[in-house]
Amino acid sequence: MVFKKLFGRKKKITALEGPPVKLGARGAPTQAENQANLVAARQSPAFVTVKEWLEDIFKKRADQVVLDYTAAGVAVRYQVDGLWHAMPGRDRESGDPALAVMKKLANLNPKERRAKQQGYFAAKYLQLEFKIHLTAEGTKNGERVLLEIEGAEVKFETLDDLGMREKLQEQLKEILNQPSGLFVYSALPGGGLSTTMQGTLRATDRYLRDFVALVDKTKEPLPYVENIEIIEYDPSSDDLQELFRSVMLKEPDVLIIPHISDPTFFNQALEQTIAEEKLLITSLRAKDAVEALLRMLAMKINPEKMTQALRGVLCQRLVRKLCLSCRRPYKPNPQLLQKLGLPPEKIQHFFRAFNPKTDMGEDGKPLPPCEVCGGLGYRERTAVFELLVPREGLKRALLQQPRLEVLRQIARQEGHRGLLEEGLFHVVRGNTSLDELKRALQT
Ligand SMILES: [Zn+2]
């Protein structure tokens, strides 16, 4: 049997050894074949290696893992909370049979090291169930393997879970409960927009008003929210204007149309929702709230109609939270605090991430990696929100001098807090570090 030869047979059955990770074969056309794949994989001593690898991946909460197989060994990288980290490499002696086990579990050919193969298998760890998507493909120097861990993401349900401060939540609810106008969500790709839309739409009065969503089925789906009717369209084949007319005949109170790419349609939707006094909710990709407004103008959205209808723009950025069990307090420089607009006399200390290179134990020796965050210093993410509610000065400037710096300055003068000011709330509370906030705002 080829498979047996490939793995070798140094020990007897070892599948019950190792960490408490339970593996399941998937992806074969029948249950019997999956079962046979699992039995075959369990014959290999590397079955335990795979369990050890996965335990480390689950403990560190990686949602993507890259394994680069070259002549020199196996380079390992984890993506945790949106950031890539290099991990200790592994040798080919244990790395090759481990990969063969994973391929077998995913019903792929373990001997194929060049052609692209894709499959998945299942794992269970501490009552949590994971689906592990495996993509392997030959490269110039060897083979690259990508593991995508489904089930590792943190679920947010409410605006509190998302880290939105109470005052902002109230303001936002007030805007979304207005009968008419334009409301815009904005974030960068991968910036958690879908989660925020779900959290905020859940906080609206969907049981008193009719919400209808028109969603481009070629783009990111609208997250599920109870009591919102979703109508999907295909921009290449559906007549959007026709569809919009039929939706308006239903007389909804609130229309949600995310990511409108056609300016003619955007203008039509805006005009009609103003005429019929509806609330129009849309979303677009932008770095901050002011930039979102400029993006709409660049799309040739009618500036008068836009400023007339605009109720608010909600923008967000994800930041990693400091690990509470290993974060370190420090006294920030008073000049820096002043520059950030914070009163130095009121700030006792900030927190920063643990640094394994400089933070030693009492005996002056390096400390073992923190159990809670796996030594990364951060654990999970929270969002920084800015809610721009345009006042008169900003509306005027949008029509007369629509330039980024001018608009930002006027917004600030009119009492708007941008992403930096909002992010500092998290820093002052010790939820995140100043370094992490800077990193998140630069991307
Ligand atoms: Zn920690």
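Q: How many residues does the largest nonpolar core have?
A: In this predicted model, the residues with the most contacts inside the largest nonpolar core are Val-50, Val-101, Met-102 and Ala-292. The residue count of that core is 104.

Q: Which helix gives the most to this core?
A: The contribution in question is 8 residues. It comes from the helix that spans residues 46-59, helix α3.

Q: Why does this core lie between domain 1 and domain 2?
A: Domain 1 covers 2-150 and domain 2 covers 166-442. The core lies between them because residues are given to it by both domain 1 and domain 2.

Q: Leaving aside neighbours within four places in sequence, which residues are in contact with Val-101?
A: Val-101 is among the residues with the most contacts inside the largest nonpolar core. A contact here requires C-beta atoms within 7 Å. With neighbours within four places left out, the partners of Val-101 are Ala-41, Ser-44, Ala-46, Phe-47 and Val-50.

Q: How far apart do the C-alpha centres of domain 1 and domain 2 lie?
A: The domain assignment splits the protein chain into domain 1 (2-150) and domain 2 (166-442). The distance between their C-alpha centres is 38 Å.

Q: How many charged residues are on the side of domain 1 that touches domain 2?
A: The contact between the domains takes 6 residues from domain 1 and 7 residues from domain 2. By class, the domain 1 side has 1 nonpolar and 2 polar residues, and its number of charged residues is 3.

Q: What are the edge strands of the open sheet of 7 strands?
A: The strand order in this sheet is β10-β9-β11-β12-β8-β13-β16, and the pairing is mixed. From one strand to the next, the twist averages 20°. An edge strand pairs on one side only, and this holds for β10 (228-233) and β16 (378-388).

Q: In β10, which residue stands opposite Phe-211?
A: Strand β9 covers residues 211-216 and pairs with β10 in the parallel sense over 6 bridges. Opposite Phe-211, the β10 residue is Ile-228.

Q: At about what angle does helix α8 run to β12?
A: Helix α8 (residues 263-275) lies across three strands, β8 (181-187), β11 (254-258) and β12 (279-285). Its angle to β12 is about 155°.

Q: Which strands does helix α15 touch where it packs on the sheet?
A: Helix α15 is made of residues 434-442. Its direction makes about 130° with that of β13 (310-322). The strands it touches are β13 and β16.

Q: Which residue in β7 is the bridge partner of Leu-67?
A: Strand β2 (residues 64-70) and strand β7 (residues 143-150) run antiparallel and are joined by 6 bridges. In β7, Leu-67 has as its partner Val-145.

Q: Through how many residues does a hairpin join β6 to β7?
A: Strand β6 (residues 128-138) pairs with β7 in the antiparallel sense over 8 bridges. One bridge places Leu-134 with Leu-147 of β7. The number of residues through which the hairpin joins β6 to β7 is 4.

Q: What percentage of the residues in the protein chain is buried?
A: The protein chain has 15 helices and 16 strands, and its C-alpha atoms fill a box of roughly 75 × 60 × 40 Å along the principal axes. A residue is buried if 20 or more other C-beta atoms lie within 10 Å of its own. Of the 443 residues, the buried share is 35%.

Conventions:
Residues are numbered from 1 along each chain as its sequence is written. This is a predicted model: local features need pLDDT of at least 70, side-chain atom pairs count only at pLDDT 80 or more; totals for chains, interfaces and linings use all residues. A nonpolar core is a set of buried Ala, Val, Leu, Ile, Met, Phe, Trp, Tyr and Cys residues joined through C-beta atoms within 7 Å. A residue is buried if 20 or more other C-beta atoms lie within 10 Å of its own, exposed if 12 or fewer, and partly exposed in between; C-beta atoms are placed from the backbone. Helices (H or I, at least four residues) and strands (E, at least two) are DSSP runs, numbered from the N terminus. Domain bounds come from an automatic or database domain assignment. Two residues are in contact if their C-beta atoms, placed from the backbone, lie within 7 Å. Ala, Val, Leu, Ile, Met, Phe, Trp, Tyr, Cys and Pro count as nonpolar, Asp, Glu, Lys and Arg as charged, and the others, Gly among them, as polar. Two strands pair if DSSP finds at least two bridges between them. Axes are lines fitted to C-alpha atoms, for helices over the stretch in contact, and angles run from 0 to 180 degrees between N-to-C directions.
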